[in-house]
Amino acid sequence: MSAPLSELQLETASVADGGLDGEQTSAEIAGLSPRQLAWRRLRRDKVSFVAFCLVIFFILLAIAAPILESFGVVDPYSLHPELLTGFGETPGPHGGISWSHWFGIVPQTGWDVFARVVLGISFSMMIAGTAVILATVVGLVIGIIAGYMGGKTDFWLGRFMDLLLAFPQTLMLLALSSVLKQRIASILGDDPGSLPVSAVYLILVLSVFGWPSLARIVRGQVLSLRNREFVEAARSLGATRRRIWFKELMPNLWAPVIVFVSLNFPLLIGTEAALSFLGVGIQPPTPSLGNILNDSVSWYIPDPVYFFLPGVVLVLVVLSFNLLGDGLRDALDPKTGR
């Protein structure tokens, strides 16, 4: 049960909502929880709400893509050489778009571009989602420990975070790819270029380099919370450190964590696409937004549709998550200016 809002909080919430159209008073929102107030502010921000709807659509599409592939509704691997010209090019500048192939077909192979883009979204979001979950868990725990313990613990954890943040992430990903993939392949007993090995490699490296930024944010929040009355009361009642960390402090950290996840998730999608574009991520014939763009670059003159449509999809995915993250940041922090 949420605590009652003070007059200052009600006034701040009213101002952040644009006065709630100048009609609703603080008494009308006094019974709303912080979650309900945040949802109301998000709905009133039209750009963020449209981005929210797009995010839900892309998430559902990513979940449904493997299911649709198993039932043969989308088929990213079937060849259609009969639709290609004698030089392996698509018929005309429209890329072979038809009712059977909504985004056209891939030159040389005749793969269905729409099916490959849909499955590529699924793989990219799966890798980015797993990496951001691992980074969030590690960053949240280490940030709480560093902020609460202070002293040498905070010092050494802070220097370790600084060390990881100092590494050029993209360069390290390229440099470590062959070594780490060989090691992961030996553990999994699979080929270094297979999907499981590439996915584990991307998830591992993205999560390792992703958690320090959240840990520093959480540490700063915990430094301001550890001497608050509810923490002192828990200590006086004999609560253990684990209880204080995860029962008292963690519930007050969900707002920055949610904002971090919503803003870091599209960043990891773009990073995965960039790595696949550079050849160290998911390898063909398994589709990924990155390797689709890599293949389409060489065909942008005879078949611009093949280059344009997957690029637009990638931009929409990343942009919708970024706009949603900005909207959540504003909705969860009533003091943020519009």
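**Exercise 1. Classify the exposure of arginine 159 and describe its salt-bridge pairing in this predicted model.**

*Step 1.* Arginine 159 has a relative accessibility of 38% and is therefore partly exposed, where buried means under 20% relative accessible area, exposed over 50%, and partly exposed in between (1.4 Å probe, protein chains only).

*Step 2.* The partner is aspartate 162, with the closest N and O atoms 3.0 Å apart; a salt bridge requires a side-chain nitrogen of Lys or Arg within 4 Å of a carboxyl oxygen of Asp or Glu. Aspartate 162 is partly exposed at 27% relative accessible area.

*Step 3.* Because the two residues are three apart in helix 6, about one helical turn separates arginine 159 and aspartate 162. Helices (H or I, at least four residues) and strands (E, at least two) are DSSP runs, numbered from the N terminus.

*Step 4.* A network of salt bridges links Arg159, Asp162 and Arg216.

The model is predicted: local features need pLDDT of at least 70, side-chain atom pairs count only at pLDDT 80 or more, and totals for chains, interfaces and linings use all residues. Residues are numbered from 1 along each chain as its sequence is written, and side-chain values use heavy atoms, with hydrogens and water left out.

**Exercise 2. Identify which parts of the chain the salt bridge of arginine 219 links.**

*Step 1.* Arginine 219 pairs with aspartate 154, the closest N and O atoms being 2.6 Å apart.

*Step 2.* Arginine 219 lies in helix 8 and aspartate 154 in helix 6 (residues 151–166), so that distant parts of the chain, 65 residues apart, are linked.

*Step 3.* Arginine 219 is partly exposed at 28% relative accessibility, whereas aspartate 154 is buried at 12% relative accessible area.

*Step 4.* The structure holds four salt bridges, including one between arginine 235 and glutamate 232, with the closest N and O atoms 2.9 Å apart.

**Exercise 3. Describe the largest nonpolar core and the surroundings of leucine 314.**

*Step 1.* A nonpolar core is a set of buried Ala, Val, Leu, Ile, Met, Phe, Trp, Tyr and Cys residues joined through side-chain atoms within 4.5 Å. The largest one has 56 residues, and Leu314 is among those touching the most other members, as are Val117 and Phe265.

*Step 2.* Several helices supply at least two residues each to this core, including helix 5, helix 11 (254–278) and helix 13 (304–332).

*Step 3.* Apart from residues up to four places away in sequence, leucine 314 touches Ile269, Ala273, Leu289 and Leu293; contact means heavy atoms within 4.5 Å.

*Step 4.* A second, separate core of 16 residues includes Ile144, Trp245, Leu253 and Val257.

**Exercise 4. Decide whether serine 198 is buried or exposed.**

*Step 1.* Serine 198 is located in helix 8 (residues 195–225).

*Step 2.* With 0% relative accessibility, serine 198 is buried.

*Step 3.* Beyond residues up to four places away in sequence, serine 198 touches Lys181, Pro192, Gly193, Gly281, Ile282 and Gln283.

**Exercise 5. Establish where confidence in the protein chain is lowest and highest.**

*Step 1.* The chain averages a pLDDT of 80, and 86% of the residues score at least 70; pLDDT is the predictor's confidence in each residue, from 0 to 100.

*Step 2.* Confidence is lowest in helix 1 (residues 7–16), with a mean of 42, and highest in helix 5, at 90.

*Step 3.* The pLDDT is below 50 over residues 1–25, a stretch with 31 contacts in the model beyond near neighbours in sequence. Where pLDDT is low, the predicted coordinates should not be read in detail.
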